[in-house]
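Grab a pencil and work through these exercises one at a time. Try each task yourself before you read the solution.

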Amino acid sequence: QVQLVESGGGLVQPGGSLRLSCAASGRISNIKIMGWYRQAPGEKRELVASIMSGGRLNYADSVKDRFTISRDNAKNTVYLQMNNLLPEDTAIYYCNLRDILTGQDYWGQGPQVTVSA
């Protein structure tokens, strides 16, 4: 079993920055995808950014050039640096780990990010 613990949510003004972190523990596969999803009220959960074990990165077009995903393998922690935040970025942000070998998805608790003046 894998546990994901997130931190870093909160309230920020438009144009501001916020950094999310997600620490993984437990039986972590070497073949996996880790990433961030977000979900606004009444909307479908969408992929924000992801990173594969081999280092391939993927970003949603709406956050490209503003958000950066990174990982500290020694700490089993993935980060999402969010810059130039917009009100449209307001959502619950979920950390995700997908074990490719088993097909199992693991999710963090989903802190709220609110961008408002």
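**Exercise 1. Which residues make the nonpolar surface patch of about 290 Å²?**

Keep in mind as you look that this is a predicted model.

Step 1. Ile-31, Ile-100 and Leu-101 make up the patch.

Step 2. Now place one of them: Ile-31 sits in the loop between strand S3 (18-26) and strand S4 (32-39).

Step 3. Check how open that spot is. Ile-31 has a relative accessible area of 43%, so it counts as partly exposed. A patch residue needs over 30%, and Ile-31 comes with its 43%.

**Exercise 2. Describe the overall make-up of the protein chain.**

Step 1. Go through the secondary structure: you get 0 helices and 11 strands.

Step 2. Reading along the sequence, that gives the pattern β-β-β-β-β-β-β-β-β-β-β.

Step 3. Now see how the chain is packed. Its radius of gyration is 14 Å, close to the 13 Å from the globule rule for 117 residues, so the chain is as compact as a globular protein of that length.

Step 4. Put a box around the C-alpha atoms along the principal axes, and you need roughly 45 × 25 × 25 Å. As for the inside, 40% of the 117 residues count as buried.

**Exercise 3. Work out the strand order of the open sheet of 4 strands, and find its edges.**

Step 1. The order is S1-S3-S8-S7, and the pairing is antiparallel.

Step 2. Look at the two ends. Strand S1 (2-7) and strand S7 (67-72) each have a single partner strand, so one side of each has no neighbour in the sheet.

Step 3. From one strand to the next, the twist averages 15°.

Step 4. Zoom in on one pair: S7 and strand S8 (residues 77-82) are antiparallel, with 6 bridges. Across that pair, Thr-68 faces Gln-81 in S8.

**Exercise 4. Which strands does S4 pair with?**

Step 1. One partner is strand S9 (residues 91-99), which runs antiparallel to S4 and is joined to it by 8 bridges. Here Lys-32 is opposite Asp-99 in S9.

Step 2. Another partner is strand S5 (residues 46-52), again antiparallel, with 6 bridges. Here Gly-35 is opposite Ser-50 in S5.

Step 3. Follow the chain from S4 to S5 and you trace a hairpin with 6 residues in between. In its turn, Gly-42 has a positive phi of about 75°.

**Exercise 5. Trace the salt bridges around Arg-38, then find how they link up.**

Step 1. Start with the total: there are 4 salt bridges.

Step 2. Arg-38 forms one with Glu-46, where the closest N and O atoms are 2.8 Å apart. Is each partner buried or partly exposed? Glu-46 is partly exposed at 34% relative accessible area, while Arg-38 counts as buried at 6%. The cut-off for buried is under 20%.

Step 3. Arg-38 also meets Asp-89 in a salt bridge of 2.9 Å, N to O. This pair links distant parts of the chain, with Arg-38 in strand S4 and Asp-89 in the loop between S8 and S9, 51 residues apart. Both Arg-38 and Asp-89 are buried.

Step 4. Asp-105 and Arg-98 form a salt bridge too, at 2.9 Å from N to O. Asp-105 is partly exposed, with 22% relative accessible area, and Arg-98 is partly exposed with 38%.

Step 5. Finally, join the bridges that share partners: Arg-38, Glu-46, Arg-66 and Asp-89 make one network.

Definitions and conventions:
Residues are numbered from 1 along each chain as its sequence is written. This is a predicted model: local features need pLDDT of at least 70, side-chain atom pairs count only at pLDDT 80 or more; totals for chains, interfaces and linings use all residues. Side-chain values use heavy atoms; hydrogens and water are left out. Two strands pair if DSSP finds at least two bridges between them. Helices (H or I, at least four residues) and strands (E, at least two) are DSSP runs, numbered from the N terminus. Axes are lines fitted to C-alpha atoms, for helices over the stretch in contact, and angles run from 0 to 180 degrees between N-to-C directions. Patches are made of residues with over 30% relative accessible area and no salt bridge: like charges are joined within 9 Å, nonpolar side chains (Val, Leu, Ile, Met, Phe, Trp, Tyr) within 5 Å. Accessible areas come from the Shrake-Rupley method with a 1.4 Å probe; for residues, only the protein chains shown count as cover. A salt bridge is a side-chain nitrogen of Lys or Arg within 4 Å of a carboxyl oxygen of Asp or Glu. Buried means under 20% relative accessible area, exposed over 50%, partly exposed in between (1.4 Å probe, protein chains only). The radius of gyration is taken over C-alpha atoms; the globule rule is 2.2 Å times the number of residues to the power 0.38.
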